[in-house]
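Please open the model in your viewer and keep the sequence panel beside it, since the tour moves from one selection to the next.

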Amino acid sequence: MFNKKLGLVFVFAASVFLVINNNGVEASHNIYSRLQNAAAVEVNQLHRTGYHFQPPKHWINDPNAPMYFNGIYDLFYQYNPKGAAWGNIVRAHSVSKTAWWHNGHWRILVGGKRKHRGMAWLYRSIDFKYWVKAKHPLHSAPETGMWECPDFFALALNGRSGVDTSKVGEDVKHILKVSLDETRYEYYTLGKYFPEKDRYVPDNTSVDGRAGLRLDYGNFYASKTFFDPSKNMRILWGWANESDAADDDKAKGWAGVQTIPRVVWLSSDAKQVVQWPIKELETLRGQKVDINNQNVEQGQHVEVKGITAAQADVEVTFSFGSLEKAEEFDPNWANLDAQTVCSLRRSDVPGGVGPFGLLTLASQNLEEFTPIFFRVFKTKETKHKVLMCSDAKSSSLRPFNEKLYRPSFAGFVDVDLSADKKISLRSLIDHSVVESFGAGGKTCITSRVYPTLAVNDAAHLFVFNNGTKPVTVQTLSAWSMNAPQQMNQNLEF
């Protein structure tokens, strides 16, 4: 939770729990029966985050029913109190309105599937206690598999103001987000809600399923938004699972973190959701360093010194004189997703305009690093295509035969570089988590990484460029990040 007067505060609350037993229930998580009840003897602090929320120990996943009450923002989530693997799941109990109101009834969504169709089932209630399933789903789509954790909300067409989900009219657009069990990624569409029919229809610019838009192109799942009436904003929480093995989690004594809460709003063309870390995060900023008008040539690495590179917040704007040297976008890539293109054009593959960006959680001699970077392509239509990557391949020296997931997360950025020829990047670095926001939050990527050398005080941060076209660090501000004033205190009610 965070308090407006105290800044960001995270408290682990042990209140009333609802037990969800997996016996006889089909679960989408891998089940490790031998690890479910293996309580942590001690908690290993290596790779444990400093300013992201996670409980004192054991497994955490889906954020549930975040809410605002009496000036305090509460987060509830799924938790295993007995071990660092999924199982024995309990959920803190909260009273919230996890729903929207229309024509005398509350409405909520429950994800599911029927045959080959993913479903967002609609339930109605007049008292918020007893719920009746509607005859038809709010929305469904073929060949999308099981829908988990649906989230349905409205955003204002103009400005960054949030609105209550019950709001309808020509001045808002509705968003339906689902977590796809088949891919373990999240997708969303933008469209119109017809309350009299209880139907949602996506715009013709939105696609259901794997080809659709994503809130985050990395390790980000089971997200949930809530409306903050005190600040008139909609806030997004998400879950970043571990990328190592279940036995590693048992040895650590913990698994899973919640991402930093984000404000969400519509882009100016109303074709996508834009996100940015909440303002309250800035209360944790400490020592600051700045770099301005720094030219970075091909193959050059400029270290950002004077901050705690393993626990930092970095904002940078890159500029370049022209786009003439941008490399051609291979026509054979037309049907490939951004992640595949990134795996073919990693940060060490020279280009024209890019790759350029940040080397986060880097060892001094770059044996380990997690690059967050852009690469600009030109297409036959003389337009430019911008790729943003967060590539974990070089993030750890651990052997590749170990169970450590090191993907090349990536997304394309909907931005026009032809006018001012610059692009921004913000990265929140926290030991084993890197959350990155490209072009002011148009494309977001969360990565989980486990360096062996670039840990704690031995971690470094660099700006780099491997493109033939020099780039300029127009502005860069980086801060050491402090831990919240209260972190993971057990409160027994």
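Is K192 buried, exposed or partly exposed? K192 is partly exposed, because its relative accessible area is 38%, where buried means under 20% relative accessible area, exposed over 50%, and partly exposed in between, computed with a 1.4 Å probe on protein chains only.

Before the next selection, note that this is a predicted model, in which local features need pLDDT of at least 70 and side-chain atom pairs count only at pLDDT 80 or more, whereas totals for chains, interfaces and linings use all residues. Residues are numbered from 1 along each chain as its sequence is written, and side-chain values use heavy atoms, with hydrogens and water left out.

**The sheet around K192**

Keep K192 selected and add E170: the side chains of these two residues meet in a salt bridge, with N to O at 3.3 Å. A salt bridge here is a side-chain nitrogen of Lys or Arg within 4 Å of a carboxyl oxygen of Asp or Glu. The pair links distant parts of the chain, with K192 in strand β15 and E170 in the loop between β13 and β14, 22 residues apart. E170 is exposed, with a relative accessible area of 65%.

Now show the strands as ribbons; helices (H or I, at least four residues) and strands (E, at least two) are DSSP runs, numbered from the N terminus. Four strands form an open sheet with antiparallel pairing, in the order β13-β14-β15-β16, and two strands count as paired if DSSP finds at least two bridges between them. The edge strands, each pairing on one side only, are β13 (147-156) and β16 (199-202). From one strand to the next the twist averages 40°, taken between axes that are lines fitted to C-alpha atoms, with angles running from 0 to 180 degrees between N-to-C directions.

Next select residues 172-180, which are strand β14, together with residues 185-194, which are strand β15: seven bridges join these antiparallel strands. Within β14, look for I175, which stands opposite L190 in β15.

**Further salt bridges**

A search of the whole structure finds 27 salt bridges. Select R107 and D198, whose side chains meet in one of them at 2.9 Å, N to O. R107 lies in strand β9 (residues 105-114) and D198 in the loop between β15 and β16, so the pair ties together parts that are 91 residues apart in sequence. Both R107 and D198 are buried.

Move on to E242 and K252, which form a salt bridge whose closest N and O atoms are 3.0 Å apart. E242 sits in the loop between β18 (233-240) and α2 (246-252), and K252 in helix α2, ten residues apart. E242 is buried, with a relative accessible area of 8%, and K252 also counts as buried, at 6% relative accessibility.

For a wider selection, take K279, E282, R285, D313, E315 and R426, which are linked in a network of salt bridges.

**The cysteines**

Which residues does a disulfide join? Select C342 and C389, which a disulfide joins with S to S at 2.5 Å; the term covers a pair of cysteine sulfur atoms within 2.5 Å. The structure holds one disulfide. C342 lies in helix α3 (residues 338-344) and C389 in strand β29 (residues 384-391), so the pair ties together parts that are 47 residues apart in sequence. Both C342 and C389 are buried.

Finally, select two further cysteines: C149 is partly exposed, with a relative accessible area of 25%, whereas C444 is buried, with a relative accessible area of 1%.
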